[in-house]
Amino acid sequence: MSGAAVVMRGVGFSHGSRTVLTDVSVTVGSDTRLAVVGPNGVGKSTLLALMAETLVPESGSVVVSPPAATVVLVPQERDRRPEEALLGYLARRTGGDAADAALDLAAAALASGAPGADDAYALALERYLALGGADLGDRAPAVLDRLGLDPALLDRATATFSGGQLARAGLAVVLLAQVDVLLLDEPTNDLDADGLAVLEEFLERRTGGLVVVSHDRAFLERVVTGVLDIDEFTQEATLYGGGFAAYLRERERARTAARNAFETYDGERAGLVERARREKDWAQRGVGRASSAKALRDEPDKNVRAKNVAGAQGRSAAAARTLRSLNRLEELEDPRDPWQLRLSLDPATRGGEDVAGLSGAVVERDGFRLGPVDLQVHRGDRVAITGANGSGKSTLLAALLGRTELAAGRSWRGRSIVVGEIDQVRQTFDGVELLGAAFRSATGQDEAESRTLLAQFGLGADAVVRPVASLSPGERTRADLALLMARRANLLVLDEPTNHLDLQAIEQLEEALSTYDGTMLLVSHDRRLLERVQTTRRLAVEHGRVHEP
């Protein structure tokens, strides 16, 4: 719909006692292509939910104009529901299900003769048709075929899908969404190179408003023309124009200017405070000397003594003038440095020369076959594992770690090998356990040690007493990284480690991996990460076959 817009004015929102957004104002129109950035937990996903009107602001307002305009949020976690077929999954996540339910309610109200029901029904019908709910079943097969998914999967429960199939189903949601304003939360998670290319091409030529939360720097450079940066300390948002690369440059200039301005202010303020203190001290000592018994003995002329007292009191007036200058000085707040992921991955032991391997290994499950695979990983190897969604990368890792049953062959692990792992679905800890208890159980640390380490990863007192399942994907990822650091592993197994991390944390993870002195197996579709983290070997997984290019 031409001219559709989402207008936020002075929006504030809290999760319990924690304020996440303060006085946020932004307009998303039909030509807006906006990235929302900020550290994990700062309120990016909350902002999208407020725009989609699935949350109600505590202060300020969110207005969708005109009323028939369509706004759909595609959340970051590709949730699967028991017995839900793919067609139902697509209808739910493209907004068709909700529009269909609203249309049924409007039809019931119309049938009962409720006041204003005719207008409400007309609006509900317009929205349902605009969202493409009526012909979703006709449009979906061609999209699935384009993404390499069999259209017959439309009738199959998504609970049976592999990770690769679910990633492509998530991409199908984006391609099928017919909306005026599209809100995407981490849409690149788990997508392979082909999927990323399809997504970027689609968004570049798509008309209508776009707001996206993403950690993928190359993706943001291609698809957005503006950036909304949420400050972790003030919870306020600053809008930058000119694309993502321009935002990074402008943000750095703004931080440098703020730091320089504060240092100038702080130096001037300190100088005035010290000058006022000296002038006050001189005045007090001068008046004391001019009025003392010794002054009476040394200077019999009372006029001279009065002049000396007046001179000393003049020092006091100078101190008062200095204090007035201090009060007139425009106060600036110290620009606090953003939270940083202080990640150290030093192995505790070197481990043996032969780290892990597979010999004639075959995995068979759900109609998929990996292998046979012959592979040996040596100490110090830094292995990048690449391949399309569903090719078998995660299955290969599970076989190497002995976590999956082999139909043939064997897997082995060397002596003194300590594994540190980040799995693709972030299920290291039991979801029903409290984070603090789960972390202590996994590390053997006492409560004080575990709280200190988790706090280092931005997981404070409120996070440790929450069930793991209630943590955001970013918080769960940081808990996994804290566990890596605690274990001091000499074998890192990382499956899409940048998923759900904020941009600053990804940069710091890159630095930690670059200096890591152990063995590493890395699966990632993050193009910048693969460019910046040095690897010594590359394994390609294609249709269940593993080879070293």
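Here is a short exchange about a predicted model, covering one helix, the nonpolar cores and one loop residue.

Modeller: Local features need pLDDT of at least 70 and side-chain atom pairs count only at pLDDT 80 or more, while totals for chains, interfaces and linings use all residues. Residues are numbered from 1 along each chain as its sequence is written, and side-chain values use heavy atoms, leaving out hydrogens and water.

Colleague: How far apart are the end C-alpha atoms of helix α7?

Modeller: Helices are DSSP runs of H or I with at least four residues, numbered from the N terminus. The expected span is 1.5 Å times one less than the number of residues, so the 13 residues of α7 (193-205) should span 18 Å. The model agrees, with a distance of 19 Å.

Colleague: Which helix gives the most to the largest nonpolar core?

Modeller: Such a core joins buried Ala, Val, Leu, Ile, Met, Phe, Trp, Tyr and Cys residues through side-chain atoms within 4.5 Å, where buried means under 20% relative accessible area (1.4 Å probe, protein chains only). This core has 53 residues, and L203 is one of those touching the most other members. With nine residues, the top contributor is helix α6 (residues 163-176).

Colleague: Is Q445 buried or exposed?

Modeller: Q445 sits in the loop between α13 (435-443) and α14 (447-456). Beyond four places in sequence, its contacts (heavy atoms within 4.5 Å) are F439, R440, S450, L453 and A486. Its relative accessible area is 18%, so Q445 is buried.

Notes. Helices (H or I, at least four residues) and strands (E, at least two) are DSSP runs, numbered from the N terminus. Buried means under 20% relative accessible area, exposed over 50%, partly exposed in between (1.4 Å probe, protein chains only).
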